[in-house]
Amino acid sequence: MIKINSNSQIILRGAAIFAITFSSLTGLAQTARVVVDAAKVINKIPAKMYGSCIEDVNHEIYGGLYDQRLYGESFEEPAPPVRIKGWKTLQGDWNVVNGGIAVKSGPGYKLIKENPILKDGSIEADLKFGRGGENAGFIVRVANEQSGLDDFDGYEISVAPGRQMLVLGKHVHNFKLLKETKIAFDRTNWLHLKAMVTGSRISIYLNNNNTPALEFIDDENPLLTGKIGLRTFQADVIFKDVVIKQNGFTINNEFIGKEALQISSVWDGITSPSADVKFSLDTTGAYNSKQAQVVNYLKGTGKAGIANNGLNHWGIAVKQGQKFQGYVFLKGDVIGPVTLALQNAAGTKTYAAKQITGISAGWKKYPFTLIVNSTDTKARLAIYIDKKGKLEIDQAVLMGTGNAQFKGLPLRADIATKMKEEGLNFVRYGGTMVNAPDYKWKNMVGPRDKRPIYEGHWYPYTSNGFGIEEFVAYCEAAGFDPAFAINVEERPEDIADMLEYLTGSVTTPWGKKRAEYGHPKPYQLKYIELGNEEVIWGDLANDYRHYAERFNLLYNVIHAKNPGIKVICAAWWRPKSEANMELVFRAVNGKAAYWDLHTEADEANSGKIVDNNLQIMHDLFLKWDPATSLKCTIFEENGGLHNMQRALGHATTLNAVRRHGDFVLTSCAANGLQGLGQNDNGWDQGQIFFTPSQVWGMPPFYATQMAAKNHEPLRVFNSVDGDLDVTATRDEKGHQLVLHVVNISATAIKTTIDIRGFESYKNGVKVYILSGNPKAENTPQNPEMITTKEKTVQLVGNTVTYSFSPNSYTILRFEK
């Protein structure tokens with residue numbers, strides 16, 4: 001146990017290792033003492049410290065905040081790959097090759113054997129790798145499988161040819177490395193891989209060796225039954241001679257492929273049994289981008305068309321009496337009408353329908369409205385004909401109306417409102433999505449049906465229906481300060497046009513365009529980030545130098561066009577690479593207002609590391625230039641959790657930010673939003689979760705909410721003797737005193753609090769408590785299992801006693 005004053009970082013500014021208000025954090029102490037001096041102001045607290053980061057346009061925006069209920073609106077996704085008899089394809093182009101099965105590199109492509117369910121038994125196969133150095137292999141005891149990188153439960157047994165490593169991991173819609181071991185093999189030759197599961201024991205064998213190359217017993221909630229499958233993560237691979245053994249039976253797998261219907265893969269076909277229908281994709285005459293859907297009804301009776309079930313087929317939520325609006329582009333030669341209908345998932349019930357007639361040979365936009373007569377959380381939109389003819393379809397949009405949208409914007413009101421309820425006052429729109437070469441702002445403005453599809457980082461068929469302007473407009477309506485990142489390789493003249501478009505007068509060419517598109521008043525921008533995690537790929541001086549050159553090129557344009565905008569440096573921070581950091585610092589010093597530092601928050605005591613990293617960054621800045629004005633902003637507070645433990649990590653991070661309040665702009669917890677079961681980029685860390693019909697906060701959401709609700713502008717002195725993380729704040733007049741206390745131990749800590757400089761406060765002290773099992777999460781069935789509890793306690797005098805619950809974030813508010 002140690003005893004340290006919370007203002008010690010000021011006293012020891014030059015120290016490489018410095019003290020903070022954490023004690024030993026061993027979890028063994030059950031008593032503590034906190035001293036607070038409200039008369040001694042240490043620093044200011046960032047007014048905009050309650051931030052959130054949105055960094056995946058495909059799942060946080062499409063299918064989430066953006067009100068477009070359809071996914072794959074432009075029909076750019078190719079038709080599904082060959083269907084493998086007896087196997088379920090979850091992404092990837094799996095093809096039968098010489099009796100085996102081959103797949104190209106991709107982010108977690110899976111092929112799941114529908115039978116048998118494997119309890120105890122084995123799977124083995126020969127593998128041969130092509131390009132890509134990550135890994136591929138088996139997944140066993142699989143359940144709850146969906147498309148997406150880690151979207152399944154099960155064990156992963158994989159080989160990483162680039163690292164020459166045998167890997168055993170566990171997925172519960174996330175990834176946890178259980179064990180890995182070094183191996184040596186020639187990736188150009190076949191490798192025999194075998195995995196045997198018996199109870200909680202997993203044994204892995206290579207090249208028919210009788211001794212396991214890796215063995216592990218999972219004694220923490222083992223997965224004991226499930227399907228088997230094949231999986232690749234960023235590696236070309238061929239599997240052959242796949243053999244499954246269980247209960248004395250041997251199953252030799254023969255891969256038989258069947259050509260799938262030529263329908264854009266996020267849409268489904270509609271065909272009546274007696275209808276002869278040919279589906280195809282028009283790659284020469286699409287209305288927008290590269291392809292459109294073709295339905296050719298040759299003969300017969302019944303219906304022929306397509307249906308969309310929303311993001312990853314999870315359904316479209318409709319309520320009785322709800323009015324929807326939308327449009328679709330059509331052309332063709334059809335005898336009868338085209339029907340648009342909201343239906344149940346099977347298409348056996350119709351909730352609303354509209355018939356469109358007069359289809360011509362040229363593309364035409366057909367607006368529609370639909371008022372549904374029933375409630376269904378998993379509906380679909382169907383587009384079909386019931387007489388022979390040829391119909392082409394492109395650019396299909398379905399949105400809500402009225403109160404279902406946020407302040408008249410094309411946004412889901414329930415999600416947008418929930419973000420306001422979190423207490424946010426700052427939102428960053430950026431992340432790896434901006435690093436895609438075709439992430440260009442000019443493709444994000446103008447009529448949405450003409451905005452091009454582009455190859456995004458997270459998704460190769462990314463839509464531009466929601467872009468930078470939509471984000472800024474949302475922040476304006478919600479009262480958030482927006483900060484967005486741009487691709488650092490954008491042309492300077494295009495960035496000059498962007499500034500004129502967003503902030504220029506209507507008398508300017510681009511300001512006039514903004515007004516024509518519906519927003520005459522210039523947007524009030526304060527922050528723009530140049531790039532995202534630049535040079536994260538390696539400690540390379542030339543790449544850092546290139547970034548510095550690009551930064552200055554774009555900064556000069558931004559500053560000339562709008563000198564009031566604060567520009568943010570996005571070079572990846574490597575304090576141990578001082579030469580490269582100083583290179584960037586000297587290039588941006590006096591120009592950049594902030595340097596973006598990305599932190600981790602999964603561990604309950606993450607704030608301790610953040611505190612240290614902020615101090616190191618500040619010390620280096622002052623070392624390089626004692627008069628510098630460059631500060632820090634945390635635009636991604638990252639991790640892979642969204643449970644109570646992550647809430648504690650977030651709370652300790654906020655305490656660290658308070659300690660460095662004069663140096664830090666904000667801390668944006670990532671990811672702001674996450675669709676339930678839709679995460680496929682490995683960041684299982686949503687603050688707010690949603691489905692088509694439901695929105696709820698995870699425990700970190702409530703940590704932000706209670707902190708924002710109890711914000712005060714000044715940090716005052718406090719010291720801690722015991723296993724607590726504490727910051728103390730007050731208002732300007734000295735009428736409010738707030739203690740932010742985090743107890744990450746598994747036991748309650750009875751604490752004596754000595755209060756100085758705040759005499760004669762009111763008897764009733766308000767208490768806000770967020771606590772629970774560190775692994776606890778809120779679910780659709782129990783969305784408020786972990787929430788903030790409020791109460792008033794009677795504390796009197798300058799020395800009081802309070803017991804802080806285990807695994808808790810507690811706020812005490814004293815008022816005069």
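A pocket, as the word is used in these legends, is an open set of grid points with protein on both sides within 12 Å along at least five of seven lines. The model shown in every view is a predicted one.

**View 1. The largest pocket and the residues that line it.** The largest pocket has a volume of about 1700 Å³. It is lined by 49 residues, of which Leu90, Gln91, Gly92, Ser147 and Ser265 are the closest to its centre. At least two lining residues come from each of strand 4 (83-84), strand 5 (87-90), strand 8 (107-118) and strand 21 (267-271), and strand 5 gives the most, with four residues. By class, the lining of the largest pocket is made up of 21 nonpolar, 19 polar and nine charged residues.

**View 2. The second largest pocket.** The space in the second largest pocket comes to about 1200 Å³. Among its 42 lining residues, those closest to the centre are Val172, Asn174, Leu641, Asp684 and Glu777. Strand 12 (165-172), strand 13 (176-182), strand 16 (214-217) and strand 39 (673-675) each give two or more residues to this lining, which holds twelve nonpolar, 17 polar and 13 charged residues.

**View 3. A nonpolar surface patch around Trp537.** Ile536, Trp537 and Leu540 together make a nonpolar surface patch of about 310 Å². Trp537 lies in the loop between strand 34 (527-534) and helix 7 (541-561), and it counts as exposed because its relative accessibility is 54%, where the cut-off for exposed is over 50%.

**View 4. Helix 3 and a salt bridge within it.** In helix 3, which spans residues 413-421, the buried residues are Ala413, Ile415, Ala416, Lys418 and Met419. The side chains of Lys418 and Glu421 form a salt bridge, with N to O at 3.5 Å; the two residues are three apart in helix 3, so about one helical turn separates them. Lys418 is buried at a relative accessible area of 15%, whereas Glu421 is partly exposed at 41%. Just after the helix, Gly423 has a positive phi of about 90°.

**View 5. Two salt bridges that link distant parts of the chain.** Arg428 and Glu529 are joined by a salt bridge whose closest N and O atoms are 3.0 Å apart. Arg428 belongs to strand 32 (residues 426-429) and Glu529 to strand 34, with their positions 101 residues apart in the chain, and both are buried. In the other salt bridge, Glu790 meets Lys709 at 3.1 Å between the closest N and O atoms. Here strand 47 (residues 789-794) holds Glu790 and helix 11 (residues 699-709) holds Lys709, 81 residues apart, and Glu790 is exposed, with a relative accessible area of 52%.

How values were computed:
Residues numbered from 1 in each chain as written. Predicted model: local features only at pLDDT ≥ 70, side-chain atom pairs only at ≥ 80, totals over all residues. Heavy atoms only, no water. 1 Å grid on protein atoms, 1.4 Å probe; cavity = no way out; pocket = protein on both sides within 12 Å on 5 of 7 lines; lining within 4 Å. Points joined across faces, edges and corners; volume = space filled by probe spheres on them. Nonpolar A, V, L, I, M, F, W, Y, C, P; charged D, E, K, R; others polar. Patch = residues over 30% accessible without salt bridge, like charges linked within 9 Å, V, L, I, M, F, W, Y side chains within 5 Å. Areas by Shrake-Rupley, 256 points an atom, 1.4 Å probe, with all protein chains shown as cover. Salt bridge = Lys/Arg side-chain N within 4 Å of Asp/Glu carboxyl O. Buried < 20%, exposed > 50% of the residue type's maximum accessible area, 1.4 Å probe, protein only.
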